[in-house]
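Subject: Structure for your attention

Dear colleague,

Please find the structure below, handed over for your use. My findings follow it.

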Amino acid sequence: MAFTPHGMCLRWDPVLIWSSVLSNGIIGTAYLLIALGGLVLLIRAARDVPVPGLCLSWLGFIFWCGMTHFMEIVTLWQSYYAWQATVSGITAAMSLAGAFYLLRDGEKVLAYLRRATALRVAQREELDELRAKLVSLEERRSAPRRRPDR
């Protein structure tokens, strides 16, 4: 049994077809750019990432979400529904992987964020102390000097 492309369901209405193409194309492109940008950041900071599995699974999920939007465009003209189902299945698997890593590594992420916040607070306090010392030194320096009586 042959299936018909989705365009037939839309009666090949150009407004419906092209609004679907444009919106799915923009969304798909955004997903791919987000995944690519995230992958570049992950590679640059590989040693500093406490949960690489979580990051990779989320980036994979975002990538495959983008691919589902591109498949929506393809199936307007071609009835490649088996491919569409495959892409959706991969997306589902990646979403489960992301959920698994989040549940497994969520506490690591929170601990990492807490350490980063504590470090930032300590650095801010140290900077405030240094500024106070600098102000004190400048006040002493600009204060009129007394000359000893002779």
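Leaving aside its neighbours within four places in sequence, which residues is His-6 in contact with? They are Glu-72, Thr-75, Leu-76, Tyr-81 and Gln-84. Please note that the model is a predicted one.

His-6 is found in helix 1 and is partly exposed, its relative accessible area being 29%. The C-alpha atoms of His-6 and Trp-77 are separated by 6.8 Å, although the two residues are 71 residues apart along the chain. Helix 1 also holds Met-8, which is partly exposed as well, with a relative accessible area of 44%. Met-8 joins Trp-12, Trp-18 and Trp-77 in making a nonpolar surface patch of about 450 Å².

The loop between helix 1 and helix 2 deserves a separate remark. Most residues other than glycine have a negative phi. Arg-11, which is not a glycine, nevertheless has a positive phi of about 55 degrees. Arg-11 is found in this loop and is exposed, with a relative accessible area of 77%. Trp-12 lies in the loop between helix 1 and helix 2 too, and its phi is likewise positive, near 55 degrees. The relative accessibility of Trp-12 is 38%, so it counts as partly exposed.

Helix 2 covers residues 14-44, and Val-40 has its place there. Val-40 is partly exposed, with a relative accessible area of 37%. Between the C-alpha atoms of Val-40 and Ile-17 there is a separation of 34 Å, the two being 23 residues apart along the chain.

I turn next to helix 3. Its 26 residues should span 38 Å at 1.5 Å a residue, and the end C-alpha atoms are 39 Å apart, which agrees. The buried residues of helix 3 include Gly-53, Leu-54, Ser-57, Leu-59 and Gly-60. Further along, Cys-65, Gly-66, His-69, Met-71, Ile-73, Thr-75 and Leu-76 are also among them. Helix 1, helix 2 and helix 4 are included in what covers these buried residues.

Is His-69 buried or exposed? Its relative accessibility is 18%, so His-69 counts as buried, the cut-off for that class being under 20%. His-69 lies in helix 3 and, not counting residues up to four places away in sequence, touches Asn-24, Ile-27, Gly-28 and Tyr-31.

Helix 4 presents another picture. It runs over residues 81-142 and has 62 residues, but its end C-alpha atoms are only 80 Å apart. That is short of the 92 Å that a straight helix would reach at 1.5 Å a residue. Where is helix 4 kinked? A kink of about 60 degrees is centred on Asp-105. Asp-105 is also one of the buried residues of helix 4, together with Tyr-81, Gln-84, Val-87, Thr-91, Gly-98 and Gly-106. The buried residues of helix 4 pack against helix 1, residues 6-9, and helix 3, residues 52-77. Two of these buried residues, Tyr-81 and Gln-84, are among the contacts of His-6 with which this message began.

For viewing, I would suggest beginning at His-6 and its contacts, and then moving to the kink centred on Asp-105.

With kind regards

Conventions: Residues numbered from 1 in each chain as written. Predicted model: local features only at pLDDT ≥ 70, side-chain atom pairs only at ≥ 80, totals over all residues. Heavy atoms only, no water. Helix = DSSP H or I, 4+ residues; strand = E, 2+ residues; numbered from the N terminus. Expected span 1.5 Å × (residues − 1). Bend = angle between axes of the 7 residues up to and from the residue. Buried < 20%, exposed > 50% of the residue type's maximum accessible area, 1.4 Å probe, protein only. Contact = heavy atoms within 4.5 Å. Patch = residues over 30% accessible without salt bridge, like charges linked within 9 Å, V, L, I, M, F, W, Y side chains within 5 Å. Areas by Shrake-Rupley, 256 points an atom, 1.4 Å probe, with all protein chains shown as cover. Salt bridge = Lys/Arg side-chain N within 4 Å of Asp/Glu carboxyl O.
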